[in-house]
Amino acid sequence: MHDDPSMPETALRLFIGLQPDDEGQAAIRSHQSLWRWPARARLLQAEHLHMTLHFLDLVHSARVDELQQVLGTILMQPIPIVLRTTASWAKAAVLLADENVALDDLRSRLMVPLLRMGLRVEGHWTPHVTLARHAPGAMPPACSPPVHWTARHFSLVRSTRSPAPPFVQHDVLRRYPVSDDIPRSPVATICD
């Protein structure tokens, strides 16, 4: 049952996010294995690892086609991402991303059409990948190499909760790959 009576039961819980490729997933899982986890921690499986750009919460199912079309207008270049710093938040253990202008830019450019559609958009954002939920007392590794991955698409994802493991299911509704139409910065030539 939804808390918002104006939302039908068919409303979808959606987010826009970056999902690592197989190599990125493997690197994050390798880092995840270095932690000491409390017994009740819920480690995210490889296929659920992601970096949320915008959590949209419940979106009326009748608006999903419009949302997919609007997101298709956002161009993206490959974004190199470095995950280096660990953190334990109230409800999750996470791996934080280094500062990244391209990542901030993509999130900002996505925000504009979302606001025009009247969708929920949060202003504050800390780019991260959640490693585990319900993990108070988790101990990160004393030292581990940074995780590198290059984001080559963003996705619109439906998130469905369930009472049994894995407790959440993520279904990609649509991927938006990097675009060849984005003008690249000219390469400087050094002349003698």
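The following exercises, with worked solutions, concern a predicted model of a protein chain.

**Exercise 1. Describe the secondary structure of the protein chain and the order of its elements.**

Solution. Start with the inventory: the protein chain contains 3 helices and 9 strands. Next, place these elements along the sequence, where they follow the pattern β-α-β-β-α-β-β-α-β-β-β-β. Finally, turn to the contacts: of those between residues at least 6 apart in sequence, 77% join residues at least 24 apart.

**Exercise 2. Determine which strands stand at the edges of the open sheet formed by 4 strands.**

Solution. First, write down the strand order, which is β3-β1-β8-β9 with antiparallel pairing. Then consider the partners: β3 (51–59) and β9 each have a single partner strand, so one side of each lacks a neighbour in the sheet, and these two strands are the edges. As to geometry, neighbouring strands of this sheet are turned by 25° against each other on average, with direction ignored.

For the pairing of β1 and β3, note that 7 bridges join strand β1 (residues 12–18) to β3, and the two run antiparallel. In detail, glycine 17 stands opposite threonine 52 in β3.

**Exercise 3. Identify the strands that helices α2 and α3 meet, and give one angle for each helix.**

Solution. Take helix α2 (residues 64–71) first: this helix packs on the sheet and touches β1, β3, β8 and β9. The direction of helix α2 makes about 45° with that of β9. Helix α3 (residues 101–116), in turn, lies across β1, β3 and β8, and runs at about 15° to β3.

**Exercise 4. Classify the aromatic pairs of the structure and the burial of their residues.**

Solution. A pair of aromatic rings is described by the distance of the centres and the angle of the planes. A search of the whole structure yields 2 aromatic pairs. In one of them, the ring centres of tryptophan 35 and tryptophan 37 are 4.8 Å apart and the planes are at 5°; planes under 30 degrees apart count as stacked, so this pair is stacked. Phenylalanine 154 and tyrosine 176 also form a stacked pair, with 4.9 Å centre to centre and 15° between the planes.

Now locate the latter pair. Phenylalanine 154 lies in strand β8 (residues 153–161) and tyrosine 176 in strand β9 (residues 168–177), so the pair ties together parts that are 22 residues apart in sequence.

For burial, the criterion is a relative accessible area under 20%. Tryptophan 35, at 4%, is therefore buried. Phenylalanine 154 is buried with a value of 0%, and tyrosine 176 is buried with 4%.

Notes
Residues numbered from 1 in each chain as written. Predicted model: local features only at pLDDT ≥ 70, side-chain atom pairs only at ≥ 80, totals over all residues. Heavy atoms only, no water. Phe/Tyr/Trp six-rings, centres within 6.5 Å; stacked < 30°, edge-to-face > 60°. Buried < 20%, exposed > 50% of the residue type's maximum accessible area, 1.4 Å probe, protein only. Contact = heavy atoms within 4.5 Å. Pairing = 2+ DSSP bridges. Axes fitted to C-alpha atoms, helices over the stretch in contact; angles between N-to-C directions.
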